[in-house]
Amino acid sequence: MSSRILNLGILAHVDAGKTSLTERLLHAAGVIDELGSVDDGSTQTDSLDLERRRGITIRSAVVSFAIDDVTVNLIDTPGHPDFIAEVERVLGVLDGAVLVVSAVEGVQAQTRILLRTLRRLRIPTIVFINKTDRRGADPERVLGELPVPLAPAWKDVVEVLADHDDELLSAFVEGRPVPAAQIRSRLARQTRSMQLHPVYQGSAITGEGIPALTAAIRDCLPTVDGDPGGPVSGTVFKVERGPAGEKVAYVRMFSGTLHVRDRLMGDDKVTAVGVFESGTVVRRDAVTAGRIGKLWGLASVRVGDPVGAPPPGTGRQFAPPTLESIVVPADPAERGALHTALTRLAEQDPLIDLRAEDLRVSLYGEVQKEVVEATLRDEYGLAVTFRESITICVERPAGSGAAVEHIGAAPFLATVGLRVDPAPPGSGVAFRLEVERGSMPAAFFTAVEDTVRETLRAGLHGWRTTDCMVTMTHSGYWPRQSHAHGTFDKSMSSTAGDFRNLTPLVLMDALRAAGTTVLEPVHRFRLEFPAELSGVVLQALGRHRAVPLLSLPGRLEGDVPAADVDGLQRTLPGLTRGEGVLEYDFDRYEPVHGPVPDRPRTGPDPRDRKEYLLQVVRRTPAG
């Protein structure tokens, strides 16, 4: 039985050979007898029918194998940028990573994003330059494109290690030989401390370079030192549905031990536990610190939920989706079934951010839209179309504003006062009380806070309002009243529903007093093209609101609004004879210049007091 555990991520840009490398590592470890093929749809980790047909990874997958005394839980992640949310959920559970780069295509935009994120999170990483057997492979060029400290070849290792090791520096300067064991030890130490990234090269298809990579995974990446007897702490990074429709949660345990029959997330009880061992999932009575397990029985579990005490550093690492679209059922009678299916997809990917009232979903790109459409067709038997994608804007308060409604001013037995203040960019929505917590039942405060967060999903212009502090300044209610014969009289008593119905009116009045600024997402771009075409390229950038910030012969870097990226991508091939290469990733939000786009609303609109009250009263059951 292996005594050490390594939770390893395989990350890459699409088509770098990441899943083929996973297959080769499993074969080298003896977990599989024959290599599967991405093209044939026969790999171990691409198990979805859609993954096999398209030849891309859509959902992360876990498989286990041993390298000597190390049990490796390998997580294969998607490479396409449209599925970056799936990668984000995996990063928080990794001990180390292998970043795969194609020796043919070289470093891509996604490669740079992943490498920056791995370094920011301080996840020790080995780089593997794959496809060295292919025509056009140029590993030396790839090495020059990687903007990080590297240890690429054994003969150069001592020189690289000496940059961070005085003893090795002295030996290098004096020409003294360094024992191989000492070199391996220092390489492992500097890899784990993020001072450098070892680089190996080879081919996942032929197996060249795999023994050296396997040894580096074993020796250079950190194994787990979790405390099985400590407080229970873990995170759910994946949720899927079993054959009977039951939820199955994938959890990484950082501390403690989770047993069958333990209760989590309220009243949910763990009914079964599976642990990854030797290429399969083995049923156990418990999953311990350091391991990855599958849990059954948690009906309310969602991706990102903590298990026990939340582990540190598991927040968002990548930008949110910048596109949204409305899903339309081909048969209007299937709207309910479509809502159920989208709700299940949102369990697996919360960033879909389903808006139930109009079946609106958030997306990273058009490929993700195609995958959602195919999943609905294949797994749920639903034919759908999508309306044209639009760019997701956000709103931020422009100033401070307050409003209050007292009992009797509206047909609700509640007093609610709210103040909205701006908060730092990226801080989200915070809620606090300026009234005594004991001044009314806790359920009423909960109703106000929950409704504040829900209402802010559509601000003055219909966009999600963020980066604000909402303070409850006034509260009041009528205590429970009964008739002489003891029956409850709703007309004389406040309920949580009164606070849920009144809060949107007060919040929208406060937001109107504060004012909001609508902001659009802006990407940072890098464009390479034939230098003699600079004039026409600059004109095209101007037409698409792109602003160059760095200009070199044949290369431009700058900002471009996300709404203009698609048009720019379609324009460039014709202007650059097909030689233009555009890379981009989300950078920030900036105020919209020109006409402010409004987002369509559905359901009661608290901006229109009269219409809102009519709709709410109409849908509220009689007391």
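This briefing walks through some features of the structure shown above, topic by topic. The model is a predicted one. Among its features are an open sheet of seven strands and a largest nonpolar core of 40 residues. The count of disulfides comes to zero.

**The seven-stranded sheet**

- Reading across the open sheet, the strands come in the order β2-β3-β1-β4-β5-β7-β6, and their pairing is mixed.
- Two strands sit at the edges, β2 (61-67) and β6 (150-151), and each of them pairs on one side only.
- Inside this sheet, β5 (residues 125-130) runs parallel to β7 (residues 197-201), and three bridges join the pair.
- To find one of these links, start at I129, whose bridge partner in β7 is Q201.
- In general, the strands of a sheet pair through backbone hydrogen bonds, either parallel or antiparallel.

**An antiparallel pair: β23 and β24**

- Strand β23 (residues 401-405) pairs with β24 (residues 414-422) in the antiparallel sense, over five bridges.
- G401 has V420 as its bridge partner in β24.
- The side chains of β23 alternate: G401, A403 and E405 point to one face and are buried.
- A402 and V404 point to the other face and are not buried.

**Nonpolar cores**

- Within the largest core, the residues that touch the most other members are L8, L21, V98, I126 and I217.
- Helix α9 (residues 210-220) gives this core its largest share, five residues.
- There is also a second, separate core of 33 residues, which includes A85, I129, L143 and L351.
- I129 thus links two topics here, as a member of the second core and as the bridge partner of Q201.
- L8 of the largest core is in contact with V72, N73, L74, I75, L94, G96, A97, V98, I217 and L221, leaving aside neighbours within four places in sequence.
- As a general tendency, nonpolar side chains in soluble globular proteins are buried together.

**Cysteines**

- Why does C393 not form a bond with the closest cysteine? Its sulfur is 17 Å from the sulfur of C468, and that is too far for a bond.
- C393 counts as buried because its relative accessibility is 5%.
- C220 is buried too, with a relative accessible area of 4%.

**Two residues and their surroundings**

- R396 lies in strand β22 (residues 394-397).
- With 18% relative accessibility, R396 counts as buried, because the cut-off is under 20%.
- Beyond residues up to four places away in sequence, R396 touches P425, G426, T466, D467, G515, T516, T517, L519 and Y589.
- Y380 belongs to helix α11 (residues 366-380), and at 26% relative accessibility Y380 counts as partly exposed.
- Although Y380 and L342 are 38 residues apart in sequence, their C-alpha atoms are 9.9 Å apart in space.
- The contacts of Y380 include A341, R344 and L345.

**Positive phi angles in loops**

- R122 has a phi near 55°, a positive value in a residue other than glycine.
- You can find R122 in the loop between α4 (109-120) and β5, where R122 is exposed with a relative accessible area of 53%.
- R545 has a phi near 60°, again a positive value in a residue other than glycine.
- The loop that holds R545 lies between α14 (534-543) and β29 (547-552).
- Is R545 buried, exposed or partly exposed? R545 is partly exposed, with a relative accessible area of 36%.

How values were computed:
Residues numbered from 1 in each chain as written. Predicted model: local features only at pLDDT ≥ 70, side-chain atom pairs only at ≥ 80, totals over all residues. Heavy atoms only, no water. Pairing = 2+ DSSP bridges. Helix = DSSP H or I, 4+ residues; strand = E, 2+ residues; numbered from the N terminus. Buried < 20%, exposed > 50% of the residue type's maximum accessible area, 1.4 Å probe, protein only. Contact = heavy atoms within 4.5 Å. Disulfide = S-S within 2.5 Å. Core = buried A, V, L, I, M, F, W, Y, C linked by side-chain atoms within 4.5 Å.
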